[in-house]
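This report takes up the folding of one chain, the contact between two chains, and the packing of selected helices.

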Amino acid sequence: MSPPEWAAALSSGADPALVAWVVRLAAADWAHPDRIRRVVAARLDAGQPTDAGAVLEDLEGCGAGPLPPPAAAGRLAAGLVRLGARVSVVGQPGYPHRLAAAWPELGAPLWLFVRSATGRLPSGTAAVAVVGTRQPTLEGLETARALARILAARGVVVVSGMARGIDQAAHAGALDADGPTVGVLGTGLDVDYPHRDGPLRDAVAAAGGLVTEYRLGTPPRAPNFLWRNRIIAGLADATVVVEGRARSGALQTARLAAAQGREVLAVPGSLHQPASRAPLDLIRDGARPLTHLDEILEVLDGLPVMPGEPDDAPVADHGLAPVADHGLAPVAADVLRLLGAVPATPDRLAAASGHPIGAVLGAVADLTVRGLAAATPRGFVAVPSNGRSGQPPCL
Amino acid sequence: MGGGLHGRARSVAVVGLQAVTVTIEAHVGGGLPCVTVIGSSGPTAREAVHRVRTALSAAGLLPGGRKVLLSLAPAEVPKAGARFDLGMAMAVLAAVGTVPADALDDTALLGELALDAAVRPVPGVLPAVGGLAGAGVRRVLIADGNAAEAALVDGVEIVPVADLAEAVAVVRGEQPARALPAAEPVAAGGGAPDLADVRGQAEARRALEIAAAGGHHLLLVGPPGCGKSMLARRLPAILPPLTHAQAMELATIRSVAGRFAAGQSAALDRVPPFQAPHHGVSAPALLGGGSGVAKPGSASLAHRGVLFLDELFEWSRSVLEGLREPMEEGVIRVARSKATVTYPARFQLVCAANPCPCGGGDACGCSDDVIWGYQAKLSGPLADRLDLAPTVAPLTADDLLTAEPGECSTAVAARVTGARAAAAERWGEGAVNAEASAQRLRAVTRPEALRFLAGAVERGELTGRGYDRVLRVARTCADLEGAEVVGRSHALEAHAHRLALRTASSPP
């Protein structure tokens, strides 16, 4: 049976027959990453080959549910064509080579949906994942952006997860430098998540690419973001954790990356700063501390290709989760979240929070009076420890 | 002196901003030929003698071989400069009958004579002509270069004359008065720098807007080159334009200071003034001074506008102390040997200072303690008079690339005008929040805002005077928002604008 016409249009180099097969399976509800992992594991245990065709055959035959009718696959394919998206299949041309190195043992996805100008993801001189919390401090945002700018200016692909906070700062930094950047989504390519960040997604798609293993229409769900993290790590030679709280998703994924032998770097912060807990824990456990921004380039010079691991997994769609409840007004709560150990001027707080300067000034005065922030000659800092017990763990 | 010929002409002296009509009498009689001036003082008179005699001679009008006595009355009034030359020459000509005596009855003359009999402009014409108009004079003969300035005064005919011969022809009715040079309309706010040029600097822009809306004094803190004076220079453009009376008052001060440029258009300058004296200037240059009768200083030239003191820490304390009187009373009194004069000086003070001894900036390695110590120098009377102290950070290259162009002055000025209107409705025409009484302010402030400020005083973050200042700034924040009553959020913002001052005056 020859593959449908759309299969060739969707292929980024893969055999159209495989592409058609993938799209039909992806249209099935039950073909999620965990099921594919189990199929692959079974074949590995049995010492059987794990090429894409064999795995697809097993998956189709595992009896997890009925295969969708060809019309459903056609609809999915039409949607992908409308978006200008492509399908790549592991082991086939067009599949990112760094990620392919993690197949099959390390859980690279069987297929990817890619939205980019070329239909493929940029490979660059190297690739670095810059990841961290969705609730960063101002300095965290600046670090992520500056790092990404340095990397992108050297043609290094900046990989991150498109989430608000550190991820988006990393993408923005790469865009500042007109460099390549790849956004790995935990939803379908057509889902507006994080809400109203479409312009940034478009910019990233144009400057590098958006990639996901989820079919169109897949809504944001917490486990999907955890799965997504392995793609971020797999696409990168090294992973930098900029900020993350204790028990952060960034912490778990960075440790997984380390276990796989890819380089993990952590940005050291204040020990009083909750958002620096994850990188500090990583450094304690042997991750390489990033003591200077340019050091990231030295690290790249000395490394072979290795996978790393990324950031927090988003759950709900509101970009800014509530911080400790001190009975603060929303603006004050937003400002408090941005404050860290490095003094921040009201100008920068206003720019980062998007609130008008008058409200931000009122907020810092409020926080100062409440003892949650302090004025220094260079700006405002968070007052650490006592009184900040209400910090919710960040996943 | 029994016999001889008498002539009389009118001119005007200016002491401070006050005009005093001066009657010039000439007596031409027999005796050893000479020209003597009495009723004036010092070298001014001796020099005038030579100018007047030579000019008369150049014009072929010198009554030869006679003794000429000129008297300037009242004798007590200090008379400086060469403004009486034209009047003295005309009084002599009236005495000898070259011009009919009654032709000078309702005419005054003002101008310096050149040796070739040309008439030259003099400073202080605006108050002089204003005084003459008040004294019932109908016609003023004046140098071409002063005509536009003099024409700002209503109710008096201004006759420009190029030289003594033309003046004589006009007085004798042989030549009609020349028309004044046409007034060039001044574009509103033309040439004033626009706030749109300032990128970023949200905090400083906000403080500037509040300062303009409430008439508050301002301190800009930032490293060299970060744009402090750029910001300060943009304050006049967002202040409300001067009213006619205010513009006349300012023009008068400029006139006395000799800053009314010759040939300047006859339209009044309605843009509030901006003065930026260097920190090395003397107290007289800042506050007014000079020998005999004091001239206005920069503080008065900034009347109804902005006085910008850059490098505040470099100014000597004694010079700054002199600003206390104008900041409290809106006027400066200067006593000199011949007179004590009072000049108005109701300016808005904008100061700029580096954040630390090394100047600050990226390479600054000063510890917080060193910076506290440096800023503590600001403590004292001036610190308590500054309401807002935004930090001005140097822009990074990134900011320059990505920051949106700032809002333009027109948009900001519109909000300022709205807030000023609200203040005027509350306190009376022309009054601003910076001068409002604390008593009446409390009546329009919510209890929770007052409680917050009282708490700040208890914690030592505010002095008693600082409390009132914050209350006034909070009132302005509320006015900018269109709020009737000052709420806690306004008090919080006002407090935040002063945090740098708080730390400056009370290091932890």
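Of the 508 residues of chain B, 50% count as buried, a residue being buried if 20 or more other C-beta atoms lie within 10 Å of its own, exposed if 12 or fewer, and partly exposed in between, with C-beta atoms placed from the backbone. This is a predicted model, in which local features need pLDDT of at least 70 and side-chain atom pairs count only at pLDDT 80 or more, while totals for chains, interfaces and linings use all residues. Residues are numbered from 1 along each chain as its sequence is written, and chains are lettered from A and ligands numbered from 1 in the order in which they are written.

Chain B has 21 helices and 15 strands, taken as DSSP runs numbered from the N terminus (H or I, at least four residues, for helices; E, at least two, for strands). Among the contacts in chain B with a separation of 6 or more, 76% are between residues 24 or more positions apart; two residues are in contact if their C-beta atoms, placed from the backbone, lie within 7 Å.

The contact between the chains takes 20 residues from chain B and 14 residues from chain A. On the side of chain B that touches chain A, helix 20 gives the most, with 6 residues.

Two helices of chain A can be set side by side.

| Helix of chain A | Residues | Buried residues |
|---|---|---|
| Helix 10 | 222–235 | 10 of the 14 residues |
| Helix 15 | 346–353 | 7 of the 8 residues |

Because 10 of its 14 residues are buried, helix 10 of chain A is largely enclosed by the rest of the structure; its buried residues include Phe225(A), Ile231(A) and Ile232(A), and also Arg228(A) and Arg230(A). Helix 15 of chain A is likewise largely enclosed, since 7 of its 8 residues are buried, among them Asp347(A), Arg348(A) and Leu349(A). The buried residues of helix 15 pack against helix 7, helix 14 and helix 16 of chain A together with helix 6 of chain B. Just after helix 15 of chain A, Gly354(A) takes a positive phi of about 80°.

The largest nonpolar core has 280 residues, such a core being a set of buried Ala, Val, Leu, Ile, Met, Phe, Trp, Tyr and Cys residues joined through C-beta atoms within 7 Å. Its largest share, 9 residues, comes from helix 2 of chain B. Val128(A), Val240(A), Met90(B) and Val140(B) have the most contacts inside this core. Leaving aside neighbours within four places in sequence, Val240(A) is in contact with residues including Val128(A), Leu147(A) and Ile296(A).

Key
The expected span of a helix is 1.5 Å times one less than its number of residues.
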